[in-house]
Amino acid sequence: MKAISAVLYFLSQHPAWSFFIILAVFAGLAVLLRRLWLLVPGFLLGIANIFCASFLNAWFLQTWGTPGTAVVIQATQTNSTLNDQYIFEYAVIAKAGGKDVKTGFSSMSAAIWPIRNEILIPPPGQVFVTRYIPGYEENIVIMADESMYGKMRIIASNREAVDRARNQLAASPSNESYQEEYRQALQTFLSDPANRLDSVSIRQFSDALGQLKTAAPAP
């Protein structure tokens with residue numbers, strides 16, 4: 001497991017070097033076996049590694065890794081961009097096996113689980129949950145939904161339905177269907193255990209739901 005973690009760490013952290021190494025391996029096989037067509041899968045695998053190595057690394061670590069924690073101690077903006085956004089380099093201190101381990105990643109190479117179509121890096125100074133393979137602690141996966149920043153992001157996403165329903169009702173306070181949508185949105189938010197960390201919203205939404213019930217006409 002340690003060797004696999006080391007290989008995946010190299011592939012994800014050094015995509016350019018990995019591309020040439022993969023291509024060289026397949027070129028050697030093509031010459032040795034006299035199968036020039038092996039250059040094609042070698043080239044495709046090298047390209048795929050650039051975009052997918054961090055995903056494979058994240059899956060491997062979350063499946064086989066040991067729980068740990070880490071914190072970003074510095075975020076440095078680079079001159080490179082991805083989708084018109086600057087790529088950042090992150091210096092990280094990981095707590096693994098009772099010791100401090102210096103490591104790091106970039107916006108491009110960070111292993112994050114669950115895999116989503118967005119890059120969610122923890123804010124500097126905030127402890128987040130990780131997984132790692134003992135013996136190669138430099139390679140970590142960020143367990144976003146188990147970390148505070150990820151939990152708060154989920155809560156913010158859950159609030160969107162309530163905010164939409166509230167604004168809709170504000171546009172037409174006498175609309176009974178809007179009132180019902182708002183009531184359901186409040187009840188859904190309050191019944192979700194994931195939202196209990198946001199005590200302020202829980203209190204506000206509980207009060208709002210109580211006001212709706214008070215204002216409802218008697219049957």
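Two strands pair if DSSP finds at least two bridges between them. Helices (H or I, at least four residues) and strands (E, at least two) are DSSP runs, numbered from the N terminus. The structure is a predicted model, in which local features need pLDDT of at least 70, side-chain atom pairs count only at pLDDT 80 or more, and totals for chains, interfaces and linings use all residues. Residues are numbered from 1 along each chain as its sequence is written, and side-chain values use heavy atoms, with hydrogens and water left out.

**Exercise 1. Lay out the sheet and follow its pairings.**

Step 1. Start with the strand order. The open sheet has six strands, in the order S3-S2-S1-S5-S6-S4, with mixed pairing. Strand S3 (99–106) and strand S4 (112–113) are its edge strands, each pairing on one side only.

Step 2. Take S1 and S2. Strand S1 (residues 66–82) pairs with S2 in the antiparallel sense over 10 bridges. Thr81 stands opposite Tyr86 in S2, and Leu82 stands opposite Gln85 in S2. The two strands form a hairpin with two residues between them, and Asn83 in the turn has a positive phi of about 55°.

Step 3. Go on to S3. S2 and S3 run antiparallel and are joined by eight bridges. Glu89 has Ser106 in S3 as its bridge partner. This hairpin also has two residues between its strands, and Gly97 takes a positive phi near 60°.

Step 4. Return to S1 and look at its pairing with S5. S1 and strand S5 (residues 128–133) pair in the antiparallel sense over five bridges. Here Gly68 stands opposite Thr130 in S5.

Step 5. Finish with S4. S4 and S6 are paired in the parallel sense, over two bridges. Ile112 stands opposite Ile142 in S6.

**Exercise 2. Describe the surroundings of Asn139.**

Step 1. Locate the residue. Asn139 belongs to strand S6 (residues 136–143).

Step 2. Is Asn139 buried or exposed? Buried means under 20% relative accessible area, exposed over 50%, and partly exposed in between (1.4 Å probe, protein chains only). Asn139 has a relative accessibility of 1%, so this residue counts as buried.

Step 3. List the neighbours. Contact means heavy atoms within 4.5 Å. With neighbours within four places in sequence left aside, Asn139 is in contact with Ser5, Tyr9, Asn57, Leu61, Arg131, Tyr132 and Ile133.

Step 4. Look for a polar contact. The term covers a pair of N or O atoms within 3.5 Å; within protein, one must be able to donate a hydrogen and the other to accept it, and residues adjacent in sequence count only if both atoms are side-chain atoms. The side chains of Asn139 and Asn57 are joined by such a contact of 2.8 Å.

**Exercise 3. Compile the cavity and the largest pocket.**

Step 1. Fix the terms. On a 1 Å grid over the protein atoms alone, a cavity is a set of points where a 1.4 Å probe fits but cannot get out, while a pocket is an open set with protein on both sides within 12 Å along at least five of seven lines; lining residues have an atom within 4 Å of a point. Grid points are joined across faces, edges and corners, and a volume is the space filled by probe spheres set on the points.

Step 2. Take the cavity. The whole structure holds one cavity of 30 Å³ or more. The largest cavity contains about 50 Å³ of space. Its lining includes Tyr9, Asn57 and Asn139. H1, S3 and S6 are the elements that give two or more residues to this lining.

Step 3. Take the pocket. The largest pocket has a volume of about 800 Å³. It is lined by 34 residues, and Leu82, Ser107, Met108, Glu118 and Ile119 are the closest to its centre. Helix H1 (2–13), helix H3 (39–64) and strand S2 (85–96) each give two or more residues to the lining. H3 supplies the largest share, seven residues.

Step 4. Sort the linings by class. Ala, Val, Leu, Ile, Met, Phe, Trp, Tyr, Cys and Pro count as nonpolar, Asp, Glu, Lys and Arg as charged, and the others, Gly among them, as polar. The pocket lining has 21 nonpolar, 10 polar and three charged residues. For the largest cavity, the lining has five nonpolar, six polar and one charged.
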